[in-house]
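Please open the model in a viewer and keep the sequence panel visible. The stops below are given in the order in which they may be selected.

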Amino acid sequence: MADNDLIASTRATLERIAGEFSPAVFASSLAAEDMVLTDLILKAQLPIAIFSLETGRLHPETLAVLDAVKAKYGYDVQLYRPQPEAVDAYVAQNGRDAFYNSIEMRRECCRIRKVEPLGRALAGNKAWVTGQRRAQSATRSDLSIQEDDPAHGMVKFNPLADWSEDDVWNYIRANDVPYNALHDQGFPSIGCAPCTRAVQPGEDVRAGRWWWENPESKECGLHIVDGKLIRIKPVAA
Ligand code: SF4
């Protein structure tokens, strides 16, 4: 079982968000951390709507998590999809997988498939919640539980910032929380299918995301301010 104090403190954070920052939404990527928050939010029946970005490039295993959430909690995760005309234009001009060609092409694909839909999903809310943890990567090493998000003009909460990977999995197992089957196949961090691969034991948990780029570039734009990554620390050689 994850540490009881940690769980109690995370519950308190979620209750505070629901009480003081309504309307608030939870951006779920359907990864293990997100399933912990899903379980905490839905069991407590907190008024925090859960949504996910259906980029059109997700693994079938990731989409299957939506059915698992429906089956266990009777809850429909709201899906936000990219604008079809923007996807069509990108594919026609650059090719469907042009994100392998350059960081700019990758960021443009993420902008169309994730960032723009995220903006629609967040519009009108006071706060949003993510499943990010401090220990996940070099780009998240000084993540706070609560922070300002000037790019979206709201408050952003990372209630699991203090959780370790063991805390997450202990909670999932103890509470029989459904999770993405890819986690059992060497995928600690899961994004779009063409941009995610399995990692070797001991590798950084985000090493399988956009693996052809430098570690400093490995964010999808969802946590970028004024075009720059926020909260990056130099990566040790
Ligand atoms: S993760 Fe890959 S496929 Fe998904 S939006 Fe970003 S570049 Fe496109």
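Begin with the whole chain: buried residues make up 35% of its 237 residues, a residue being buried if 20 or more other C-beta atoms lie within 10 Å of its own, exposed if 12 or fewer, and partly exposed in between, with C-beta atoms placed from the backbone. This is a predicted model, in which local features need pLDDT of at least 70 and side-chain atom pairs count only at pLDDT 80 or more, while totals for chains, interfaces and linings use all residues. Residues are numbered from 1 along each chain as its sequence is written.

Next, colour by secondary structure. The chain has six helices and eight strands, where helices (H or I, at least four residues) and strands (E, at least two) are DSSP runs numbered from the N terminus. Along the sequence they follow the pattern α-β-α-β-α-β-α-α-β-β-β-α-β-β. Of the contacts between residues at least 6 apart in sequence, 72% join residues at least 24 apart; two residues are in contact if their C-beta atoms, placed from the backbone, lie within 7 Å.

**The sheet**

Select the strands of the open sheet, six in number, in the order β3-β2-β1-β4-β6-β5 and with mixed pairing; two strands pair if DSSP finds at least two bridges between them. At the edges are β3 (78-80) and β5 (146-149), each of which pairs on one side only. From one strand to the next the twist averages 30°, with axes as lines fitted to C-alpha atoms, for helices over the stretch in contact, and angles running from 0 to 180 degrees between N-to-C directions.

Move to β5 and β6 (residues 154-157), which are antiparallel over four bridges. Glu 147 has Lys 156 as its bridge partner in β6, and Asp 149 has Met 154. The two strands form a hairpin with four residues between them, and Gly 153 in the turn has a positive phi of about 65°. By contrast, β4 and β6 pair in the parallel sense, over three bridges; Ala 127 stands opposite Val 155 in β6.

Just before β4, select Gly 124, in the loop between α5 (103-122) and that strand. Is Gly 124 buried or exposed? Gly 124 is exposed, because 9 other C-beta atoms lie within 10 Å. Its C-alpha lies 9.5 Å from that of Met 154, although the two are 30 residues apart in sequence.

**Helix α2 and the cores**

Select helix α2 (residues 32-43), which lies across β1 (24-27), β2 (48-53) and β4 (127-129) and runs at about 150° to β2. Now show the largest nonpolar core, of 36 residues, where Phe 26, Val 36, Ile 48 and Val 129 have the most contacts inside it. A nonpolar core is a set of buried Ala, Val, Leu, Ile, Met, Phe, Trp, Tyr and Cys residues joined through C-beta atoms within 7 Å. Helix α2 gives the most to this core, with six residues. Centre on Ile 48: leaving aside neighbours within four places in sequence, its contacts include Leu 14, Ile 17, Phe 26, Ile 41 and Val 129. Apart from this core lies another, of nine residues, among them Leu 58, Tyr 90, Cys 109 and Cys 110.

**The ligand**

Finally, select the ligand and the 13 residues that surround it, the closest being Cys 109, Cys 110, Arg 113, Cys 192 and Cys 195; a residue counts as near if its C-beta atom, placed from the backbone, lies within 6 Å. This shell divides into seven nonpolar, two polar and four charged residues, with Ala, Val, Leu, Ile, Met, Phe, Trp, Tyr, Cys and Pro counted as nonpolar, Asp, Glu, Lys and Arg as charged, and the others, Gly among them, as polar.
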